[in-house]
Amino acid sequence: MLLALAVVTSGLLSPVARAATVTGYRGGNTPVYSRTSYDYVPSVMKDGVYRMWWCGGIAGDYILYAEANSLSGPWHARGSSVANSYNTVFRPTGNAAQFDGIHVCDPSVIRVDATYYMYYGGYGDGTGTTMIGVASSPDGLNWTRLNGGNPIIVPARDYRPLPNKYGAGQPSVTHVNGKFHLIFTDSTGYAVDGNGGGQFVLRSSDPTFQTGVEELTATGFAPRTAANHTRHSLLAAFSVDWQYVDANDTFAIAVDGPTSSATRVFLFNSALSQQVDQFDISGTWTEGPAIVSRPDKHALASSTCGTVPVDILRSVGPGGPDTWNLAHGGVDLLTGRTCDQVPHGRVYEGYLLQAPGLPLTLARGGMRLQFALAAPAQTLSRNAIAVSSDVFHRIPYGASMTSGATVYGAPGRPAAFRLDDGRLWPVSCLETITSNNSSIANLSVGQWDAHPTGPALHCVK
């Protein structure tokens with residue numbers, strides 16, 4: 001196997017200050033996806049359906065894909081109704097001299113606007129150790145390696161004299177305030193424990209982490225340098241997955257528990273400077289968990305103020321790595337925040353809101369974009385949620401899109417709806433325009449630029 005078992009050891013930033021409770025254990029630990037081979041370390045998002053990428057294979061690690069209408073399954077390949085079927089969506093290059101020539105594993109998949117990014121660990125005999133790469137896709141199925149096919153994160157030190165030679169891998173990424181936040185294992189990091197366990201955090205607006213990179217240090221984020229790289233470990237652990245929880249402004253980090261009978265979830269404040277809570281999701285595990293997220297790797301929304309559904313998928317199985325299956329478990333996190341304290345615009349970002357007697361609405365840029373027609377709204381989001389009229393009105397009004405709303409284009413500028421707030425809302429595809437019974441009117445660049453702009457609208461293919 002490519003990876004060592006993930007075990008939490010020690011080393012948190014600060015004492016726990018309890019701020020939440022959990023209730024409603026669900027899912028049990030019965031396998032929901034099983035094959036005759038091994039399946040582990042998944043990445044799961046709600047993107048209309050539940051979409052899962054994970055590591056599996058027989059003679060070598062590949063990245064596989066399946067989807068389901070429920071976390072309990074049945075899981076199946078895209079376009080198939082056969083339970084436990086799958087698509088092989090990402091393979092090693094086959095060139096042993098390349099960093100991902102022999103194995104690709106540990107996917108962390110995120111969609112920012114209309115682009116999917118997959119961060120993964122790769123191994124090649126010519127490199128001798130794991131490194132992190134990234135690929136992009138328009139649909140989550142067909143992937144193109146970025147950064148010229150080269151790794152974006154390499155081990156901090158020479159792995160050969162160290163007790164754990166794994167290297168840099170097991171990435172997990174969330175997108176917060178315009179930046180990709182990457183947490184990863186580096187068994188060669190300077191701040192690892194005696195087993196090579198350590199979780200390090202980088203952030204950048206560049207998805208390849210080649211420019212503008214900041215690293216989490218003991219005093220907060222700072223530009224990454226040789227002097228501070230991997231000198232501060234957030235957790236002494238392996239194989240974690242994380243998301244941002246807008247309902248209480250925390251990072252939730254799912255980690256294999258201190259025993260094999262539970263997965264532990266740590267909550268850190270938004271600056272990652274203090275641990276504020278922790279709780280367990282019962283059930284055995286054999287490898288790292290996935291925390292189910294919306295496409296930008298934030299927590300899923302709930303129709304109840306202050307409540308956050310926390311669901312995980314993790315590998316289980318009594319027969320060793322050749323028979324590991326995937327199982328589901330979860331709880332409801334009660335943040336203790338009232339409706340007046342919840343930032344509703346951020347909690348529901350990217351969702352279509354359905355409220356009785358009110359227009360179908362997209363939460364975009366923290367505001368309500370209301371639609372006269374359902375069809376254009378459905379090109380912009382796959383996730384929908386029923387909310388009360390009270391929750392609906394707690395999200396600030398942004399604009400309304402009437403049938404046939406004016407669309408302006410200009411050379412070198414995107415087509416954009418001119419809505420009732422007086423702003424141009426750029427749109428990334430023709431389908432939204434035609435489904436709204438609109439057409440494009442051409443302006444000069446100067447005329448287009450004279451308008452204030454609103455949030456961009458991205459079509460999900």
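**Exercise 1. Break down the lining of the second largest pocket by class, then place it in the chain.**

Solution. Start with class: the lining has eight nonpolar residues, one polar and three charged. Here Ala, Val, Leu, Ile, Met, Phe, Trp, Tyr, Cys and Pro count as nonpolar, Asp, Glu, Lys and Arg as charged, and the others, Gly among them, as polar. The model is predicted: local features need pLDDT of at least 70, side-chain atom pairs count only at pLDDT 80 or more, and totals for chains, interfaces and linings use all residues. Residues are numbered from 1 along each chain as its sequence is written, and side-chain values use heavy atoms, with hydrogens and water left out.

Next, the members. Among them are Arg26, Lys46, Asp311 and His328. A pocket is an open set of points on a 1 Å grid over the protein atoms alone, where a 1.4 Å probe fits, with protein on both sides within 12 Å along at least five of seven lines; lining residues have an atom within 4 Å of a point.

Then the elements. Strands E21 (307-316) and E26 (384-386) each give at least two lining residues. Strands (E, at least two residues) and helices (H or I, at least four) are DSSP runs, numbered from the N terminus.

Last, the volume: about 170 Å³. A volume is the space filled by probe spheres set on the grid points, which are joined across faces, edges and corners.

**Exercise 2. Describe the largest pocket.**

Solution. Its volume is about 830 Å³. Of its 39 lining residues, His175, Arg294, Asp296, Glu349 and Arg364 are the closest to the centre. By class, the lining has 13 nonpolar, 13 polar and 13 charged residues. Strand E24 (361-364) gives the largest share, three residues. Domain 1 (21-334) and domain 2 (344-450) each contribute at least three residues; the bounds come from an automatic or database domain assignment.

**Exercise 3. Which cysteines pair in the three disulfides?**

Solution. A disulfide is a pair of cysteine sulfur atoms within 2.5 Å.

- Cys55 joins Cys105, S to S 2.1 Å. Cys55 sits in strand E4 (residues 49-57) and Cys105 in strand E7, 50 residues apart. The link is left-handed, at -120 degrees about the S-S bond.
- Cys305 joins Cys339, with sulfur atoms 1.8 Å apart. The torsion is about 85 degrees, so this disulfide is right-handed.
- Cys429 joins Cys459, S to S 1.8 Å. The torsion is about -70 degrees, so this disulfide is left-handed.

Counting bonded cysteines along the chain, the pattern is 1-2, 3-4, 5-6.
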